[in-house]
Amino acid sequence: MTEPLSSEPLKAFLNTVRAGEVRTGRVIGVEDREVLVELDGFPGPGRAVGCIPHGDLTREAIGHPSEVVSIGQQLTFEVIGVDRQQERVWVSAAACEDPALRAFLLDLRRGATHQGQVLSVHSFGVFVNLDGEPDQCTGFIRLPELSWRSFDHPADVVTAGQRVVGEIIGIDTRRGQVQLSLKPLQEDPLLPFADQAGLVTTGRVTKLIPFGAFVRIADGIEGLVHNTEFRDEPVEDPGQIVSEGDEITVRIVEVDLVRRRVALSARNLPQSGKRSV
């Protein structure tokens, strides 16, 4: 069913196929995990074969591909990859099954801002009904994109029914989804500390790890005191020096805006010796 073809006309045809473009073709094979199609537009000899993976056949939940397609059926699909060595084109019918949704998604641009209303809040992320979208929810915010500041649950940041404005960071025509981030429109709490190396301040120990302790020095800002930075002699276990909840005095050693890391030191600094309740 997937007989290999090797011809100069086929190679020339595949060189014209580009990821993201829309093509049409006829179903020539229905297998358990994929559907094979003959791409229109190839004059021959032979045929140009496209493969639709099971998950790219439709956004609906299905068992076997034969539930939604049959031999000889004409399909419209988006090219998602071209394997010129195997002379195979990978395509997604799901990306084209809703023309109105596809038109909406293609009209969006990465980096642009878009408004919407929070539909639901879950432990894994937030679904958002975007303004202007067809009759389905397309917006999604992953946990790291909700806020610069730490939180226990997304519901601490947004609630169902709330209006939000986010930056578009991804557009997925195959899943019919728009990835949003709220962070670019929020003040980055780390920026005020960018040039504060040497500053002595106090903070609360939030977490102990084998090689050090994390200390919150401001809302949304935690830095690491490495085991070598508690005192002149390195300690093997930070629990020998501090406990979670302790308030300690630290010095900012380095602020890395790219990796979003703050290095702290407690060496040679007077400590109150009190443990916060």
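A salt bridge is a side-chain nitrogen of Lys or Arg within 4 Å of a carboxyl oxygen of Asp or Glu. The model is predicted: local features need pLDDT of at least 70, side-chain atom pairs count only at pLDDT 80 or more, and totals for chains, interfaces and linings use all residues. Residues are numbered from 1 along each chain as its sequence is written, and side-chain values use heavy atoms, with hydrogens and water left out.

**Exercise 1.** Find which residue Arg267 meets in a salt bridge, and place both partners in the chain.

Solution.
- Step 1: the side chain of Arg267 pairs with that of Asp232, at 3.3 Å from N to O.
- Step 2: Arg267 lies in the segment after strand 15 and Asp232 in the loop between strand 13 and strand 14, so the salt bridge ties together parts 35 residues apart in sequence. Strands are DSSP runs of E, at least two residues, numbered from the N terminus.
- Step 3: through shared partners, salt bridges join Glu229, Asp232 and Arg267 into one network.

**Exercise 2.** Decide whether Arg260 and Asp188 are buried or partly exposed.

Solution.
- Step 1: buried means under 20% relative accessible area, exposed over 50%, and partly exposed in between (1.4 Å probe, protein chains only).
- Step 2: Arg260 has 34% relative accessibility and counts as partly exposed.
- Step 3: Asp188, at 10%, counts as buried.
- Step 4: the two form a salt bridge, with the closest N and O atoms 2.8 Å apart.

**Exercise 3.** State how many disulfides the structure holds, and check Cys51.

Solution.
- Step 1: a disulfide is a pair of cysteine sulfur atoms within 2.5 Å.
- Step 2: the structure holds zero disulfides.
- Step 3: for Cys51, the nearest cysteine sulfur is that of Cys96, 16 Å away.

Conventions:
Helix = DSSP H or I, 4+ residues; strand = E, 2+ residues; numbered from the N terminus.
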